[in-house]
Structures are given as structure tokens and as C-alpha cells.
Amino acid sequence: MFRSTYLYVKTHNKTGMRYFGKTVMKNPHLYKGSGTRWLRHLSVHGCDISTEIVGFFTDESECKAAAELFSESNNIVEIGRASCRERV
């Protein structure tokens with residue numbers, strides 16, 4: 001059964017790094033995220049972050065469609081690949 005889900009973008013206020021994610025927590029502003037690179041960034045630069053809610057979904061197919069549209073329109077896959085190449 002699908003649980004109500006928030007899609008969000010976290011932005012580190014000092015470095016500008018952004019993180020797109022989802023959570024089922026009632027308050028997505030309190031959730032830090034779970035990405036390995038994002039959490040490593042927070043451990044180095046601190047947790048001075050802001051949260052932008054992309055959407056709140058009670059339907060799984062709508063949530064998935066919105067996440068895919070957001071990812072495509074913001075070029076998230078290519079940005080992630082470029083970031084990985086920079087670290088090598």
C-alpha cells in the first residue's frame with residue numbers, strides 16, 4: 001500500500017548543493033535526506049539546509065510521474081553523472 005509521500009529539494013544554504021528526494025515523514029522539513037553523498041556533504045559542511053516541497057502525493061503513479069518529470073526537467077541524471085566524473 002502506498003503511503004502519502006512528499007517530493008522535495010534540499011539546498012545547502014552555504015554551498016548551494018542540492019538534493020532531490022522523497023519522504024513519507026509528516027514534516028519533510030525535519031528530514032535530512034538519505035543519499036550517501038548528501039549526508040557526507042552535511043557532515044563536512046553542517047546542516048544549514050532549506051527545503052522546497054515539490055509536491056505531496058497520495059497516489060503512487062502520480063508521485064512517480066511527478067518525480068520523473070522533475071528529474072528530466074532539471075537534468076538530474078546528467079548532473080549526477082557529471083558530478084561522479086569530477087570525483088574520479
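Which residues form one aromatic cluster? Tyr8, Tyr19, Tyr31 and Trp38 do so, in a model that is predicted.

**View 1. Overall arrangement of the protein chain in the predicted model.** The protein chain contains three helices and three strands, and these follow one another along the sequence in the pattern β-β-α-β-α-α. Of its 88 residues, 28% are buried, while the exposed surface of the chain amounts to about 6,200 Å², with carbon and sulfur atoms supplying 53% of that area. Among the contacts with a separation of 6 or more, 55% link residues that stand 24 or more positions apart.

**View 2. The aromatic cluster and a neighbouring charge.** The search of the whole structure returns five aromatic pairs. Tyr8, Tyr19, Tyr31 and Trp38 belong to one aromatic cluster, and Trp38 is also among the buried residues of helix H1. Over the ring of Tyr8 sits the charged end of Lys10, at 5.2 Å from the ring centre.

**View 3. The ring pair of Tyr6 and Phe56.** Among the aromatic pairs, of which the whole structure has five, is the one made by Tyr6 and Phe56, whose ring centres are 4.7 Å apart and whose planes meet at 50°, so that the pair counts as tilted. Because Tyr6 belongs to strand E1 (residues 5-12) and Phe56 to strand E3, this pair ties together parts of the chain that are 50 residues apart in sequence. Phe56 is itself partly exposed, its relative accessible area being 46%.

**View 4. The two sides of helix H1.** Trp38, His41 and Leu42 are the residues to look for on the inner side of H1, where they are buried. They span an arc of only 100° around the axis, which means that they lie on the same side of H1. A general property of the α-helix is relevant here: with 3.6 residues a turn, residues three or four places apart point the same way. The cover over the buried residues of H1 includes E1, strand E2 (18-23) and E3. On the face of H1 turned away from this buried side are the exposed residues Thr36, Ser43 and Val44.

**View 5. The end of H1 and the loop that holds Cys47.** Just after H1, Gly46 adopts a positive phi of about 90°. Cys47 is located in the loop between helix H1 (36-45) and strand E3 (49-57), and residues up to four places away in sequence being set aside, Cys47 touches Lys32 and Leu42. The latter, Leu42, is one of the buried residues of H1. Between the C-alpha atoms of Cys47 and Lys14 the separation is 9.5 Å, although these residues are 33 residues apart along the chain.

**View 6. Cys47 and Cys63 compared by accessibility.** Cys47 has a relative accessible area of 43% and is therefore partly exposed, whereas Cys63, at 6% relative accessibility, counts as buried. Zero disulfides are found in a search of the whole structure.

**View 7. Asn75 in the loop between two helices.** Asn75 is placed in the loop between helix H2 (60-73) and helix H3 (76-87). Its phi is near 55°, a positive value in a residue other than glycine. With a relative accessible area of 40%, Asn75 is partly exposed, the range for that term lying between the 20% under which a residue is buried and the 50% over which a residue is exposed.

Methods. Residues numbered from 1 in each chain as written. Predicted model: local features only at pLDDT ≥ 70, side-chain atom pairs only at ≥ 80, totals over all residues. Heavy atoms only, no water. Disulfide = S-S within 2.5 Å. Buried < 20%, exposed > 50% of the residue type's maximum accessible area, 1.4 Å probe, protein only. Helix = DSSP H or I, 4+ residues; strand = E, 2+ residues; numbered from the N terminus. Contact = heavy atoms within 4.5 Å. Areas by Shrake-Rupley, 256 points an atom, 1.4 Å probe, with all protein chains shown as cover. Phe/Tyr/Trp six-rings, centres within 6.5 Å; stacked < 30°, edge-to-face > 60°. Lys NZ or Arg CZ within 6 Å of the ring centre and 35° of its normal. Arc of directions from axis to C-beta.
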